[in-house]
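Work through these exercises with the model open. Try each task before you read its solution.

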Amino acid sequence: MRLRIEVRGVVQGVGFRPTVYRLALAQRLTGCVWNHARGVTIEAQGSPAALDAFLRALGEDVPRPARVTHLTSCTIPEQFAAAGFQILASDAGGDIRPVVPPDLAVCPACAEEMDTPGGPRYRYPFTNCTYCGPRYSIIARLPYDRPHTAMQAFPLCPGCAREYGDPLDRRFHAQPIACPACGPHLLLLGPDGATLGLGEGALQGAVTALKAGQVLALKGLGGYQLLVDATSPGAVGLLRKRKQREGKPFAVMFPDLASLQVACEVNEEEQGWLTSPEAPILLLRRRPGTAVVEEAAPGNPRLGAFLPYTPLHRLLLGVVDRPLICTSGNLSEEPMAFEDAEALERLKNLADVFLSHNRPILRPVDDSVLRVDGDGPTVLRRARGFAPLAVALAGLAEAPTVLALGAHQKATVALLQRGDLIMSQHLGDLTSLEGADLLARTVADLLAFFGARPDRLVCDLHPDYASTRLAERLAADWNLPLLRVQHHHAHGAACAAEHGLSQPVTALTWDGTGLGTDGTLWGGEALAIDGGSFRRLGHLKPFPLPGGEVAVREPRRSACGLLWATQGPGDPPPGLAAAFEGADWNLLQSMLAKGLRCPLTSSMGRLFDAVAALVGLQARHGFEGQAAMALEFAAGDRVLPAYTWEQKDGVADPGPLLEQVLGDLAGGRTAAHIAARFHASLAELALAWVELSGLPDVVLSGGCFQNALLTERVSAKLKGAGFRVHRHRTFPPNDGCISLGQAVIAAVHPFHRSMTGD
Ligand SMILES: [Zn+2]
Ligand SMILES: [Zn+2]
């Protein structure tokens with residue numbers, strides 16, 4: 001009996017065909033397997049029982065990172081010409097759908113090999129195989145073969161060549177395969193570029209520096225990272241000072257799962273993610289009184305924790321034998337350094353010593369960040385391990401090819417092609433020249449990899465985003481139509497697309513700020529979204545934001561603007577007065593009086609800032625979202641009555657809410673009490689707004705939904721009232737999802753009617 005089996009899912013570039021080969025040999029089947037545009041096809045011939053076992057194994061025994069989502073089979077005529085089972089060359093004809101595999105954490109088999117004394121890869125920091133190792137960060141162009149990667153300068157030794165060519169070996173066609181005889185090696189450099197050590201000596205030198213409290217720049221998988229001893233307050237303080245990063249949490253890498261579990265609570269789902277091929281940073285609940293210094297994540301009940309994901313991290317953490325702060329190698333606001341000369345230049349004042357190697361990194365790929373909340377993951381940063389895997393979007397297979405340029409912060413770009421959404425890795429902030437340059441390079445990469453020629457471009461409504469300017473330039477160069485999409489429309493559409501919702505939905509888009517269609521800064525809206533169009537159902541009553549964007553880092557400005565709008569001019573309330581020195585308050589009041597640089601905003605993020613500043617949690621100097629996080633953490637799990645809202649025609653006035661907050665403050669209530677009531681009020685507001693449309697499906701998007709407490713309270717309230725609530729799972733709720741929403745909206749936009757001069 002002979003079967004033709006069609007397999008779909010993550011089946012290319014992940015060692016799937018060798019697995020098929022092994023499973024076929026195990027059942028003594030003959031036939032062949034090949035890759036093509038839509039996935040993998042297998043022809044297998046043997047006894048019905050053997051074929052049955054083979055099919056079962058395909059469904060169940062495929063090692064990660066491969067994932068079978070669809071498997072169909074039909075009987076075809078038997079063939080007797082060719083014996084054995086063969087892996088055929090990829091079918092180059094027809095509708096090829098290229099796959100660029102993501103970078104994957106060191107697998108258990110490679111880890112064991114590194115730990116085996118006397119073995120050919122004992123303590124070798126570049127060990128990898130078909131199931132693990134660098135991919136996206138080292139691929140120059142497709143097809144994904146060694147000469148097209150950063151490994152092209154390392155000819156295979158006979159031992160590696162044998163493994164590479166043996167279909168029964170786990171390194172069969174592993175493009176980055178290497179060993180000490182033929183592969184890359186370590187070197188230790190001073191900040192002046194002088195070589196201080198090689199190989200094992202370089203590793204030991206790095207360990208000595210870390211133990212002495214110095215800052216180590218490590219050339220990791222997708223870029224340079226800065227590492228210090230996470231148990232040393234002096235070392236952590238030094239890193240904060242040099243990196244100009246005051247309160248923002250650092251991630252901590254632990255030598256192994258056992259040491260991680262000493263510092264953080266880990267449930268089964270979280271453990272699964274920590275040890276997965278994606279190996280993201282996980283935001284875990286911190287245990288009190290552990291060796292990790294408080295300064296790693298000041299005032300934060302959670303800690304970003306992860307495990308060594310490259311052989312080099314594994315070796316280093318194994319020797320240093322303590323948790324290390326492990327953060328991107330950059331100054332605040334700049335992208336991560338990844339090219340050797342550039343890294344040395346940019347990081348020479350930040351790091352004391354560089355642990356480097358001679359395998360080039362071809363593009364920066366940051367660590368992914370994820371949190372597990374009750375019923376599933378929330379991706380906060382989508383990069384290593386995930387990007388640039390395609391995600392199939394329902395109903396868009398026939399749509400035009402769209403290039404979406406995304407937002408300005410937490411930037412990503414996305415390509416929609418034949419119904420597949422391919423999103424870039426997280427690119428960070430585009431404010432710096434380096435950031436804008438990285439955006440342009442990433443666009444060029446995506447188009448080249450996927451052989452895409454966009455039919456249309458899409459960007460944000462905001463004219464000053466670096467992404468908007470690039471979109472305008474590309475649209476002019478290529479003579480393509482460009483659509484400008486309102487920021488929160490894109491947010492809502494992204495979440496709807498992620499869940500395959502094509503029917504109208506209510507979107508609660510609670511965010512920092514994004515330019516609205518009326519020229520004000522939106523961010524606290526309820527939108528009724530119907531594919532490419534939307535209607536503003538509800539929003540916060542706009543209040544002035546003295547200084548505009550500056551207010552993002554100064555929550556006291558939001559408080560000042562909100563007080564002005566709701567209570568008129570006057571002195572700061574007692575709790576807030578301390579946040580203003582000298583003439584600061586009067587200066588803001590006079591800006592407000594003259595309407596000077598005081599854009600109006602309906603931003604929920606700025607309302608969070610205002611309340612946090614009023615209760616004295618966070619008034620000045622911070623990173624975006626810090627005040628909102630402080631409110632979330634202060635609220636804890638207290639359940640208290642909501643403040644009441646006044647609203648008319650969907651416009652919710654924060655004035656009365658503010659008065660109740662001030663009343664609670666005057667009555668001696670704690671910040672924790674007020675924070676809990678504030679969160680409860682937002683759940684009430686959510687319900688009031690979604691009832692305006694009556695649509696059964698509600699999507700939650702925007703930076704505010706990074707707040708686990710808010711998301712949980714809003715979801716529970718809406719579900720309790722019978723609504724179906726959908727939140728981001730695969731893509732981030734923050735601006736990282738904007739390119740997805742833009743792509744979907746542009747795909748259904750009737751361009752022929754409105755494109756000119758758009
Ligand atoms: Zn491996
Ligand atoms: Zn070798």
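**Exercise 1: Two packed helices**

Task: Find which residues of α20 and α21 meet, and describe how the two helices pack.

Step 1. List the contacts. From α20 come His679, Leu682, Ala683, Glu684, Ala686, Leu687 and Val690; they meet Leu709, Leu710, Arg713, Val714, Lys717 and Leu718 of α21.

Step 2. Sort these residues by type. Nine are nonpolar, one is polar and three are charged.

Step 3. Describe the geometry. Two packed helices are described by the angle between their axes and the distance between the axes. Here α20 (residues 671-693) and α21 (residues 708-720) pack at about 45 degrees, with axes 9 Å apart. That angle makes α20 oblique to α21.

Step 4. Add the handedness. The α20 and α21 crossing is right-handed.

**Exercise 2: A second partner for α20**

Task: At what angle do the axes of α18 and α20 cross?

Step 1. Read the angle and distance. The axes of α18 (residues 626-635) and α20 cross at roughly 100 degrees and come within 7 Å.

Step 2. Classify the pair. Angles of 65 to 115 degrees count as roughly perpendicular. So α18 and α20 are roughly perpendicular to each other.

Step 3. Name the contacts. Leu631, Glu632, Ala634 and Ala635 of α18 meet Ala672, Ala675, Ala676, Phe678 and His679 of α20. This contact divides into seven nonpolar residues, one polar and one charged.

**Exercise 3: How far to trust the model**

Task: Where is the pLDDT below 50?

Step 1. Start with the whole chain. This is a predicted model. Its mean pLDDT is 93, and 97% of the residues reach 70 or more.

Step 2. Find the weak stretch. Over residues 753-758 the pLDDT is below 50. In the model, this stretch has six contacts beyond near neighbours in sequence.

Step 3. Draw the lesson. Where pLDDT is low, the predicted coordinates should not be read in detail.

**Exercise 4: A six-stranded sheet**

Task: Which strands stand at the edges of the open sheet that holds β18 and β23?

Step 1. Write the order. Six strands run β18-β21-β20-β19-β22-β23, with mixed pairing.

Step 2. Look at the ends. β18 (390-392) and β23 (482-485) each have a single partner strand, so one side of each is left without a neighbour in the sheet. The twist averages 20 degrees from one strand to the next.

Step 3. Check one pair inside. β19 (residues 402-404) and β22 (residues 456-460) pair in the parallel sense over three bridges. Leu403 has Leu457 in β22 as its bridge partner.

Step 4. Add a helix. α12 (residues 466-478) lies across β19, β22 and β23, at about 160 degrees to β22.

**Exercise 5: A five-stranded sheet**

Task: In which sense do β2 and β3 run, and how many bridges join them?

Step 1. Place both strands. The open sheet has the order β4-β1-β3-β2-β5, and its pairing is mixed. Its edge strands, β4 (67-76) and β5 (85-87), each pair on one side only.

Step 2. Read the pair. β2 (residues 30-36) and β3 (residues 39-45) run antiparallel and are joined by seven bridges. Thr30 has Gln45 in β3 as its bridge partner.

Step 3. Find the helix on this sheet. α1 (residues 16-26) touches β1 (2-10), β2, β3, β4 and β5.

**Exercise 6: Backbone oddities**

Task: Which peptide bond is cis, with omega near 0 degrees?

Step 1. The bond runs from Ala387 to Pro388. Pro388 sits in the loop between β17 (376-381) and β18.

Step 2. Now look at Asp321. Its phi is positive, about 55 degrees, although Asp321 is not a glycine. Asp321 lies in the loop between α9 (311-320) and β14 (324-328).

Methods:
Residues numbered from 1 in each chain as written. Chains lettered and ligands numbered in written order. Predicted model: local features only at pLDDT ≥ 70, side-chain atom pairs only at ≥ 80, totals over all residues. Heavy atoms only, no water. Axes fitted to C-alpha atoms, helices over the stretch in contact; angles between N-to-C directions. Helix = DSSP H or I, 4+ residues; strand = E, 2+ residues; numbered from the N terminus. Parallel < 35°, antiparallel > 145°, perpendicular 65-115°, else oblique. Left-handed = near helix turned anticlockwise from the far one by under 90°. Contact = heavy atoms within 4.5 Å. Nonpolar A, V, L, I, M, F, W, Y, C, P; charged D, E, K, R; others polar. pLDDT = per-residue confidence, 0-100. Pairing = 2+ DSSP bridges.
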